[in-house]
Amino acid sequence: LKTNGQNLTIYGFVGENSTATRALNISNSLVTLTTGNWYNSVATGMTLTSTGSTIALTSATVSQGFLGATFTYNNIQIAPGSGILTFSGAFTFANMTMSSAGTKTVKFTKNTTYTMTGSNFLSGTAGNLITIASDDGATQWTLSKASGTVIADYVSMNRSNATGGATFYLTANSSGTGNTGW
(Lines give C-alpha, C1' and ligand atoms only; values in the text may rest on other atoms or scores of the structure.)
Protein backbone atom coordinates (compact mmCIF):
# COMPACT_ATOMS: atom_id res chain seq x y z
CA LEU A 1 0.00 0.00 0.00
CA LYS A 2 1.30 3.44 -0.93
CA THR A 3 -0.59 6.54 0.20
CA ASN A 4 1.23 8.90 -2.22
CA GLY A 5 1.22 11.73 0.31
CA GLN A 6 -2.57 11.62 0.64
CA ASN A 7 -4.29 11.66 4.01
CA LEU A 8 -6.02 8.47 5.09
CA THR A 9 -8.73 8.07 7.75
CA ILE A 10 -9.36 4.49 8.81
CA TYR A 11 -10.90 2.56 11.68
CA GLY A 12 -7.64 0.70 12.36
CA PHE A 13 -4.72 -1.01 10.68
CA VAL A 14 -3.81 -4.68 10.75
CA GLY A 15 -0.60 -5.71 9.00
CA GLU A 16 -0.68 -9.17 7.52
CA ASN A 17 0.42 -11.75 10.08
CA SER A 18 2.82 -13.32 7.63
CA THR A 19 6.46 -13.29 6.60
CA ALA A 20 5.51 -12.71 2.95
CA THR A 21 7.14 -9.77 1.18
CA ARG A 22 4.97 -6.67 1.56
CA ALA A 23 5.35 -2.88 1.80
CA LEU A 24 3.56 0.02 3.44
CA ASN A 25 4.55 3.52 2.35
CA ILE A 26 2.81 6.29 4.31
CA SER A 27 5.39 8.99 3.55
CA ASN A 28 4.13 12.56 3.87
CA SER A 29 0.66 11.36 4.86
CA LEU A 30 -1.55 11.85 7.88
CA VAL A 31 -2.94 8.43 8.80
CA THR A 32 -5.82 8.84 11.26
CA LEU A 33 -7.09 5.86 13.25
CA THR A 34 -10.58 6.70 14.50
CA THR A 35 -11.15 4.02 17.15
CA GLY A 36 -9.23 0.91 16.13
CA ASN A 37 -5.73 -0.33 16.76
CA TRP A 38 -2.47 -0.15 14.83
CA TYR A 39 -1.48 -3.79 14.70
CA ASN A 40 1.74 -4.45 12.79
CA SER A 41 3.16 -7.48 14.54
CA VAL A 42 5.37 -9.29 12.03
CA ALA A 43 8.38 -7.29 10.81
CA THR A 44 9.90 -10.12 8.75
CA GLY A 45 9.27 -9.47 5.06
CA MET A 46 7.68 -6.08 5.70
CA THR A 47 9.05 -2.73 4.59
CA LEU A 48 7.63 0.41 6.21
CA THR A 49 8.43 3.84 4.80
CA SER A 50 7.16 6.64 7.03
CA THR A 51 9.24 9.73 6.20
CA GLY A 52 7.29 12.92 6.92
CA SER A 53 4.20 11.04 8.10
CA THR A 54 1.99 11.34 11.17
CA ILE A 55 -0.09 8.55 12.66
CA ALA A 56 -2.94 10.09 14.66
CA LEU A 57 -4.66 7.97 17.30
CA THR A 58 -7.89 9.90 17.76
CA SER A 59 -10.19 7.82 19.97
CA ALA A 60 -11.26 9.84 22.99
CA THR A 61 -13.29 7.19 24.82
CA VAL A 62 -12.29 3.82 23.34
CA SER A 63 -8.99 2.28 24.44
CA GLN A 64 -6.52 1.79 21.59
CA GLY A 65 -3.37 -0.24 21.07
CA PHE A 66 -0.31 0.43 18.95
CA LEU A 67 1.74 -2.67 18.19
CA GLY A 68 4.68 -1.20 16.32
CA ALA A 69 6.91 -4.29 15.99
CA THR A 70 10.49 -3.11 15.36
CA PHE A 71 9.66 -0.51 12.72
CA THR A 72 10.64 3.15 12.53
CA TYR A 73 7.77 5.64 12.54
CA ASN A 74 7.84 9.38 12.12
CA ASN A 75 5.35 11.32 14.26
CA ILE A 76 2.72 9.79 16.52
CA GLN A 77 -0.07 12.10 17.66
CA ILE A 78 -2.47 11.22 20.46
CA ALA A 79 -5.92 12.65 21.17
CA PRO A 80 -6.88 13.35 24.79
CA GLY A 81 -9.70 11.45 26.43
CA SER A 82 -10.62 8.65 28.81
CA GLY A 83 -9.57 5.78 26.53
CA ILE A 84 -6.23 4.22 27.49
CA LEU A 85 -3.56 3.97 24.77
CA THR A 86 -1.11 1.06 25.08
CA PHE A 87 2.11 0.83 23.07
CA SER A 88 3.92 -2.46 22.45
CA GLY A 89 6.78 -3.64 20.28
CA ALA A 90 10.27 -2.15 20.51
CA PHE A 91 9.78 0.49 17.82
CA THR A 92 11.44 3.80 16.95
CA PHE A 93 9.60 7.10 16.55
CA ALA A 94 10.57 10.70 15.89
CA ASN A 95 8.04 12.63 18.00
CA MET A 96 5.12 11.60 20.21
CA THR A 97 2.76 14.45 21.08
CA MET A 98 -0.76 15.28 22.18
CA SER A 99 -3.07 16.68 19.49
CA SER A 100 -4.69 19.13 21.92
CA ALA A 101 -5.03 19.90 25.62
CA GLY A 102 -6.68 17.27 27.79
CA THR A 103 -5.90 14.28 29.98
CA LYS A 104 -4.83 10.86 28.72
CA THR A 105 -3.38 7.63 30.09
CA VAL A 106 -0.60 6.19 27.94
CA LYS A 107 1.00 2.85 28.75
CA PHE A 108 4.19 1.31 27.42
CA THR A 109 4.96 -2.40 27.59
CA LYS A 110 7.21 -3.38 30.49
CA ASN A 111 10.81 -4.42 29.73
CA THR A 112 10.55 -2.88 26.25
CA THR A 113 12.75 -0.13 24.79
CA TYR A 114 11.19 2.62 22.67
CA THR A 115 13.71 4.74 20.76
CA MET A 116 13.07 8.44 20.14
CA THR A 117 14.86 10.38 17.38
CA GLY A 118 13.00 13.72 17.41
CA SER A 119 12.66 16.47 19.98
CA ASN A 120 9.03 16.38 21.18
CA PHE A 121 7.68 13.94 23.75
CA LEU A 122 4.37 13.75 25.56
CA SER A 123 3.46 16.76 27.67
CA GLY A 124 0.22 17.95 29.16
CA THR A 125 -0.95 21.38 30.19
CA ALA A 126 -1.98 23.01 33.48
CA GLY A 127 -4.92 20.99 34.81
CA ASN A 128 -4.47 18.31 32.13
CA LEU A 129 -1.84 15.80 33.26
CA ILE A 130 -0.80 12.99 30.94
CA THR A 131 -0.37 9.74 32.87
CA ILE A 132 2.49 7.66 31.48
CA ALA A 133 3.18 4.23 32.94
CA SER A 134 4.24 0.67 32.22
CA ASP A 135 1.45 -1.68 31.20
CA ASP A 136 1.70 -3.66 34.44
CA GLY A 137 2.30 -0.66 36.72
CA ALA A 138 5.22 -2.40 38.44
CA THR A 139 8.04 -2.98 35.92
CA GLN A 140 9.93 -0.26 34.05
CA TRP A 141 9.70 0.45 30.33
CA THR A 142 12.60 2.29 28.61
CA LEU A 143 12.75 5.49 26.56
CA SER A 144 16.06 5.81 24.71
CA LYS A 145 17.40 8.85 22.85
CA ALA A 146 21.01 9.12 21.71
CA SER A 147 21.52 12.86 22.18
CA GLY A 148 19.73 16.13 22.82
CA THR A 149 17.11 16.89 25.43
CA VAL A 150 13.75 15.34 26.28
CA ILE A 151 11.39 17.36 28.47
CA ALA A 152 8.18 15.92 29.90
CA ASP A 153 5.94 18.65 31.33
CA TYR A 154 2.64 18.18 33.16
CA VAL A 155 2.93 14.40 33.28
CA SER A 156 2.57 11.74 35.90
CA MET A 157 5.47 9.48 34.88
CA ASN A 158 5.61 6.02 36.42
CA ARG A 159 7.97 3.07 36.04
CA SER A 160 10.16 4.46 33.27
CA ASN A 161 13.87 4.28 32.51
CA ALA A 162 15.35 7.13 30.46
CA THR A 163 18.65 6.26 28.78
CA GLY A 164 20.82 6.57 25.69
CA GLY A 165 22.91 9.73 26.07
CA ALA A 166 20.26 12.46 25.92
CA THR A 167 19.38 14.60 28.92
CA PHE A 168 15.91 13.82 30.28
CA TYR A 169 13.83 16.22 32.42
CA LEU A 170 10.60 15.83 34.35
CA THR A 171 9.58 19.40 35.10
CA ALA A 172 8.38 20.73 38.46
CA ASN A 173 4.85 20.46 37.01
CA SER A 174 5.28 16.67 36.82
CA SER A 175 5.19 13.83 39.30
CA GLY A 176 5.80 10.11 39.35
CA THR A 177 7.35 7.08 40.98
CA GLY A 178 9.78 4.32 40.06
CA ASN A 179 11.64 6.30 37.38
CA THR A 180 15.36 6.33 36.58
CA GLY A 181 17.39 8.58 34.29
CA TRP A 182 15.13 11.63 34.52
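## R22 in strand β3

Let's start with R22, which sits in strand β3, a stretch covering residues 22-25. This is a predicted model, and in it R22 has a relative accessibility of 13%. Buried means under 20% relative accessible area, so R22 counts as buried at its 13%.

Which backbone oxygen does the side chain of R22 reach? It is the one belonging to T44, at 3.0 Å. T44 is also among the residues that R22 touches, once residues up to four places away in sequence are set aside. The others in that list are E16, V42, G45, M46 and T47.

## An open sheet of eight strands

Now step back to look at a sheet. Eight strands form an open sheet with parallel pairing, and their order is β2-β5-β8-β10-β13-β15-β18-β21. Which strands are at the edges? They are β2 (13-14) and β21 (175-177), each of which pairs on one side only.

Inside that order you can find β10 followed by β13. Strand β10 (residues 85-88) and strand β13 (residues 104-108) run parallel and are joined by three bridges. To see this pair in the model, look for T86, which stands opposite K107 in β13.

## G176 in an edge strand

Our last stop is G176, a residue of strand β21, which is one of the edge strands. Is G176 buried or partly exposed? With a relative accessible area of 42%, G176 is partly exposed.

Leaving out residues up to four places away in sequence, G176 touches M157 and N158. You can also compare G176 with P80: they are 96 residues apart in sequence, and their C-alpha atoms are 20 Å apart in space.

Note on methods:
Residues numbered from 1 in each chain as written. Predicted model: local features only at pLDDT ≥ 70, side-chain atom pairs only at ≥ 80, totals over all residues. Heavy atoms only, no water. Helix = DSSP H or I, 4+ residues; strand = E, 2+ residues; numbered from the N terminus. Buried < 20%, exposed > 50% of the residue type's maximum accessible area, 1.4 Å probe, protein only. Polar contact = N/O pair within 3.5 Å; in protein donor to acceptor, adjacent residues only side chain to side chain. Contact = heavy atoms within 4.5 Å. Pairing = 2+ DSSP bridges.
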